[in-house]
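Me: I would like a close look at a single part of this model, the surroundings of one residue in its core, with enough of the rest to place that part. Please give the cut-offs behind each term as you go.

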Amino acid sequence: MKVFFKTLIFASVLAVAGTVENVQAVIGTIQIAQTQKAEVNAPIPLALPSTADVVLKNGSSMTGQVTAFDPNKQIIQISGSGVSRSLQIAQIQRVTFKRDGLVYTSDGRRVIRGEDNSQAQQSTWKNIPLNAFRFLNPRQASVDLATLMNSRDIRGIQGVAVKSLYVADEIQFQTAGKMTIKVTPTDP
């Protein structure tokens, strides 16, 4: 009888240990899935070159640096030659960033944006709500594409963003509070 109880206790301990390992494996799988989902939902970092040409809907234009962006008030501030001007987004047709401008990585390193990266292809992100564009400072922004694209496309964009820095080429403003952003990845 003692052998039976010892065997039963040993089998119970093994069963509990196996269950604990299975639970830990399931918990680990859930954590990995949550991490992957969080990565897919993370905003895409975007470098802003230091100089931009701003074309207004009335045909006039100005050159300067984008120094502020407020999606709620729908205002962009442009600074250049010691003068700062706030413009309503409804007045702006597009902001085209100069290709020879400096850009900065997320850790503050300066990168000279060059023409030598022949493998980089321009991408166009369309119908982005103004509030999905987060202006961090005159050199950096981020774009939340999670609700705009399917997860496969976002993973592709994130895969590029891991190795390269997306740089804004142009922002076009549309009616109904939407914008189109043209970007090119550049190796820092």
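Reply: Leaving aside its neighbours within four places in sequence, Phe-69 is in contact with Ile-75, Ile-76, Ile-89, Leu-130, Phe-133, Phe-135, Phe-173 and Met-179, where contact means heavy atoms within 4.5 Å. This is a predicted model, in which local features need pLDDT of at least 70 and side-chain atom pairs count only at pLDDT 80 or more, while totals for chains, interfaces and linings use all residues. Residues are numbered from 1 along each chain as its sequence is written, and side-chain values use heavy atoms, with hydrogens and water left out.

Phe-69 is also listed, with Trp-125, Phe-133, Phe-173, Met-179 and Ile-181, among the residues that have the most contacts inside the largest nonpolar core, a core of 34 residues. A nonpolar core is a set of buried Ala, Val, Leu, Ile, Met, Phe, Trp, Tyr and Cys residues joined through side-chain atoms within 4.5 Å; buried means under 20% relative accessible area, exposed over 50%, and partly exposed in between, with a 1.4 Å probe and protein chains only. Strand β12 (residues 165-173) gives the most to this core, with four residues; helices (H or I, at least four residues) and strands (E, at least two) are DSSP runs numbered from the N terminus.

Phe-69 has a further role in the lining of the largest cavity, together with Leu-48, Val-66, Ile-76, Val-95, Phe-97, Phe-133, Phe-135, Ile-171 and Phe-173. The elements that give two or more residues to that lining are β3 (61-70), β6, β10 (133-137) and β12. About 60 Å³ of space lies in this cavity, and the structure holds one cavity of 30 Å³ or more. On a 1 Å grid over the protein atoms alone, a cavity is a set of points where a 1.4 Å probe fits but cannot get out, and lining residues have an atom within 4 Å of a point; grid points are joined across faces, edges and corners, and a volume is the space filled by probe spheres set on the points.

In the loop between β3 and β4 (75-80) lies Gln-74, which has a positive phi of about 55° although it is not a glycine. Most residues other than glycine have a negative phi. Gln-74 counts as partly exposed, at 32% relative accessibility.

For the wider setting, the secondary structure of the protein chain comes to two helices and 13 strands, and of its 188 residues 30% count as buried. Among contacts between residues at least 6 apart in sequence, 61% join residues at least 24 apart.

Confidence should be kept in view: the mean pLDDT of the protein chain is 78, with 67% of its residues reaching 70 or more, pLDDT being the predictor's confidence in each residue, from 0 to 100. Among the elements, strand β6 (residues 92-97) has the highest mean, 96, whereas helix α1 (residues 2-41) has the lowest, 50. Over residues 19-38 pLDDT stays under 50, and the model has zero contacts there beyond four places in sequence. Where pLDDT is low, the predicted coordinates should not be read in detail.

Methods. 1 Å grid on protein atoms, 1.4 Å probe; cavity = no way out; pocket = protein on both sides within 12 Å on 5 of 7 lines; lining within 4 Å.
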